[in-house]
Amino acid sequence: MNAAIHETHAVDAGLLGSLLTDDTFWPAETQSLSETGLSDSFIEGLILKSVLSVGTLSGRSLSEFIGLPFKVVDPLLDTMRTRKMIAHVRPAPFNDYYYSLTELGQNRAAAQMKQCSYVGPAPVPLSDYVLSVEAQSAGLEPVTQDQLRQALSGISYQQDLLDFIGPAINSNTGLFLFGEPGNGKTTIARCLTQCLGQEIWIPHAILDDGNLIKLQDDAFHRPAPVPETAAKILKAQEWDRRWLRIQRPTVMVGGELVMENLEVRHDARSNICEAPLQMKSNCGCLLIDDFGRQRIAPEELLNRWIVPLENRCDFLTLPTGKKIQMPFEQMLIFSTNLDPGDLVDEAFLRRVPYKIFVGDPAPDEYRQLMKTVARQMGFPETPEAAEYLLSFYQKKARKPRRCHPRDLLKQIEAFCRYRQLPLGIRPEYLERACRSYFSDL
């Protein structure tokens with residue numbers, strides 16, 4: 001394993017830790033083929049498939065494409081050329097060559113494609129991934145009140161909510177956010193990931209027992225830059241390009257969630273496995289939104305989480321039938337409009353000890369929220385607009401929601417643009433928006 005866990009007991013390690021914004025995990029560049037944890041034949045197969053897919057490549061471009069240093073790839077290229085699987089096409093800069101496949105190489109590449117059609121950065125061994133998750137797991141540092149307040153600074157919420165959410169995060173167990181729709185449960189859950197830290201490292205893919213598991217997912221993983229200070233000052237300290245630095249992930253799924261999403265999914269045609277959602281959310285947040293509205297029974301879904309929640313590890317089955325133990329290190333949040341007690345039994349509720357109610361905004365909070373949204377959307381300051389809506393709620397026996405100012409003002413904005421009117425909040429505009437927005441008027 002070439003990924004370094006940095007500590008501060010040595011001068012160089014302490015310097016590196018500070019330059020890397022206190023990273024606890026740094027995937028150091030591999031110096032030899034043995035340090036990759038991959039066999040010669042696997043890397044040769046990946047090289048053949050890469051040239052087959054992309055076309056003629058220089059040795060350095062090829063090494064960059066598969067995420068391995070040129071000094072590791074170059075000897076393999078010489079061996080493959082001697083075995084007449086690849087051939088020189090023309091010279092390339094910096095004592096390099098452009099390579100293409102021979103007829104033998106094309107046949108070998110086609111055979112490799114049938115075995116596994118994955119092309120891209122080389123995978124890392126499962127043991128390396130497990131070590132990275134343990135080093136970067138969300139629960140390493142407790143969340144403070146100031147950190148939580150900073151994470152929620154861009155949204156409106158009840159102030160006493162902090163004293164419920166903070167301990168729930170630090171407990172490193174699951175939590176329920178429940179309450180009426182439109183009050184920001186999903187928004188709060190998304191913001192909580194910011195409390196866990198900024199960036200982490202993940203591999204593009206993982207290899208175990210011949211099974212390739214694709215982990216990186218553009219839908220959930222947002223790339224983050226490697227700290228420039230480290231790159232400039234410690235030029236020699238490169239990182240393993242098989243790894244990607246990302247923002248801590250927030251994986252959100254709703255009513256479309258099925259049990260297959262929580263297991264290793266194998267594509268028989270490509271022979272590539274897709275990592276389950278809990279793996280993609282490791283060291284971040286997994287949000288089950290609209291819990292209770294999935295196509296599977298809540299009890300069946302929650303029973304899937306009992307062992308991971310208690311043991312902080314999950315057991316997955318590979319296509320070969322092998323069972324692997326995977327870290328379960330993320331903040332698991334269930335967001336629902338229903339009372340958790342109506343969804344699951346007491347046995348499971350005991351395993352998710354934090355049930356946090358997100359209530360309706362108080363009048364003062366609603367006034368401030370209306371003012372903030374109006375300013376952000378470019379409306380002139382109109383304090384009487386909030387009073388009009390608060391009176392409307394009282395007359396219609398309706399509860400205010402935090403989403404109402406945004407949704408109603410968007411309707412007014414659209415109406416003003418349609419009529420080519422100056423942007424403003426007038427009583428007749430509010431009345432029109434309410435008639436359109438609330439279906440029971």
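This passage walks through some aromatic pairs, a small sheet and one buried strand residue in a predicted model.

Aromatic rings make a handy starting point. Searching the whole structure turns up 13 aromatic pairs. One of them joins tryptophan 26 and tryptophan 201, whose rings meet edge-to-face, with 5.3 Å centre to centre and 80° between the planes. Tryptophan 26 belongs to strand E2 (residues 26–27) and tryptophan 201 to strand E8 (residues 199–203), so this pair ties together parts that are 175 residues apart in sequence. Both tryptophan 26 and tryptophan 201 are buried.

Phenylalanine 176 and phenylalanine 291 also form an aromatic pair, this one tilted, at 6.0 Å centre to centre and 55° between the planes. Here, too, distant parts of the chain are linked: phenylalanine 176 is in strand E7 (residues 175–178), while phenylalanine 291 is in the loop between strand E15 (285–288) and helix H12 (298–303), 115 residues apart. Phenylalanine 176 and phenylalanine 291 are both buried. Elsewhere, ring pairs join up Tyr366, Phe392, Tyr393, Tyr437 and Phe438 as a cluster.

Rings also turn up beneath charges. Arginine 60 has its charged end over the ring of phenylalanine 70, 4.3 Å from the ring's centre. Likewise, arginine 90 lies over the face of tyrosine 98, and the distance to the ring centre is 4.1 Å.

Next comes the sheet. Three strands make up an open sheet in the order E3-E5-E4, and their pairing is antiparallel. At the edges stand strand E3 (57–58) and strand E4 (86–92); each has a single partner strand, so one side of each is left without a neighbour in the sheet. Six bridges hold the antiparallel pairing of E4 with strand E5 (residues 96–101). Histidine 88, for instance, has tyrosine 99 in E5 as its bridge partner. Helix H2 (residues 40–54) packs on this sheet and touches E3, E4 and E5, with its direction at about 80° to that of E5.

Finally, there is isoleucine 333, which is part of strand E18 (residues 331–336). Isoleucine 333 is buried, and its relative accessible area is 0%. What is isoleucine 333 in contact with, leaving aside its neighbours within four places in sequence? The contacts are Leu175, Leu177, Ala189, Leu192, Cys285, Leu286, Leu287 and Ile288. As for leucine 131, 202 residues from isoleucine 333 along the chain, the C-alpha atoms of these two residues are separated by 24 Å.

Note on methods
Residues numbered from 1 in each chain as written. Predicted model: local features only at pLDDT ≥ 70, side-chain atom pairs only at ≥ 80, totals over all residues. Heavy atoms only, no water. Phe/Tyr/Trp six-rings, centres within 6.5 Å; stacked < 30°, edge-to-face > 60°. Helix = DSSP H or I, 4+ residues; strand = E, 2+ residues; numbered from the N terminus. Buried < 20%, exposed > 50% of the residue type's maximum accessible area, 1.4 Å probe, protein only. Lys NZ or Arg CZ within 6 Å of the ring centre and 35° of its normal. Pairing = 2+ DSSP bridges. Contact = heavy atoms within 4.5 Å. Axes fitted to C-alpha atoms, helices over the stretch in contact; angles between N-to-C directions.
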